[in-house]
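Visitor: Could you take me closely through one residue of this chain, and set it in the context of the whole fold before you come to its surroundings?

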Amino acid sequence: MMARELYIITVCGLGTGTALFLKIQVSNAVRELGYNARVETADASQAKNIKCDIIVTAPDLAKMLRAQGAFAKEIVEIKNYMNKQELREKLKEAINKVLSS
C-alpha cells in the first residue's frame with residue numbers, strides 16, 4: 001500500500017538553479033526510499049507561505065525560514081547537495097516524522 005503523497009518544496013535564493021538541482025535529487029531519493037511525493041521548487045521569499053510537508057534547503061535558508069514561521073511540517077538542511085547519502089538519510093527522518101504526526 002502506498003502512503004499518502006508527500007508535498008516537498010526545494011528552496012534556494014532565487015528558486016532556479018540550486019532548487020532545480022535539489023528537486024531532481026529529492027525526487028530520486030524519495031522514489032528510492034519507496035515514497036510518493038510531489039516535488040516543486042520555490043525561492044526563499046515564496047517558500048515561507050507554501051503549506052507543505054517538507055522543505056529541503058541550505059542551512060542558512062532553513063534558519064531564515066524557521067525564523068519567518070514557514071508552514072512546512074519539517075525543514076531539512078542539506079550541507080552538501082552532491083552527497084546523496086546525506087540527502088537520503090535526512091529525508092527519510094523527516095518523512096517518518098511527517099507520516100507519524
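**A glutamine and its setting**

Guide: In this predicted model, the chain holds four helices and four strands, and these elements follow one another from the N terminus in the order β-α-β-α-β-α-β-α. The C-alpha atoms occupy a box of roughly 35 × 30 × 20 Å along the principal axes, and the radius of gyration of 12 Å agrees with the value near 13 Å that a compact globule of 101 residues would have. Of the contacts between residues at least 6 apart in sequence, 57% link residues at least 24 apart, while buried residues account for 42% of the 101 residues.

Against that background, the residue to look at is Gln-25, which sits in helix H1, spanning residues 17-33. Gln-25 counts as buried because its relative accessibility is 11%, and the cut-off for buried is under 20%. Leaving aside residues up to four places away in sequence, Gln-25 touches Tyr-81, Met-82, Lys-84 and Leu-87. A further reference point is Ile-78, which is 53 residues from Gln-25 in sequence, although the two C-alpha atoms are 11 Å apart in space.

Turning from this residue back to the surface of the chain, about 5600 Å² is exposed, with carbon and sulfur atoms supplying 52% of that area. As for charge, the chain carries 15 positive and 11 negative side chains, and the centres of these two sets are 2 Å apart.

Key:
Residues numbered from 1 in each chain as written. Predicted model: local features only at pLDDT ≥ 70, side-chain atom pairs only at ≥ 80, totals over all residues. Heavy atoms only, no water. Helix = DSSP H or I, 4+ residues; strand = E, 2+ residues; numbered from the N terminus. Rg over C-alpha atoms; globule rule 2.2 N^0.38 Å. Buried < 20%, exposed > 50% of the residue type's maximum accessible area, 1.4 Å probe, protein only. Contact = heavy atoms within 4.5 Å. Areas by Shrake-Rupley, 256 points an atom, 1.4 Å probe, with all protein chains shown as cover. Lys, Arg positive; Asp, Glu negative; His and termini not counted. Charge placed at Lys NZ, Arg CZ, Asp CG, Glu CD.
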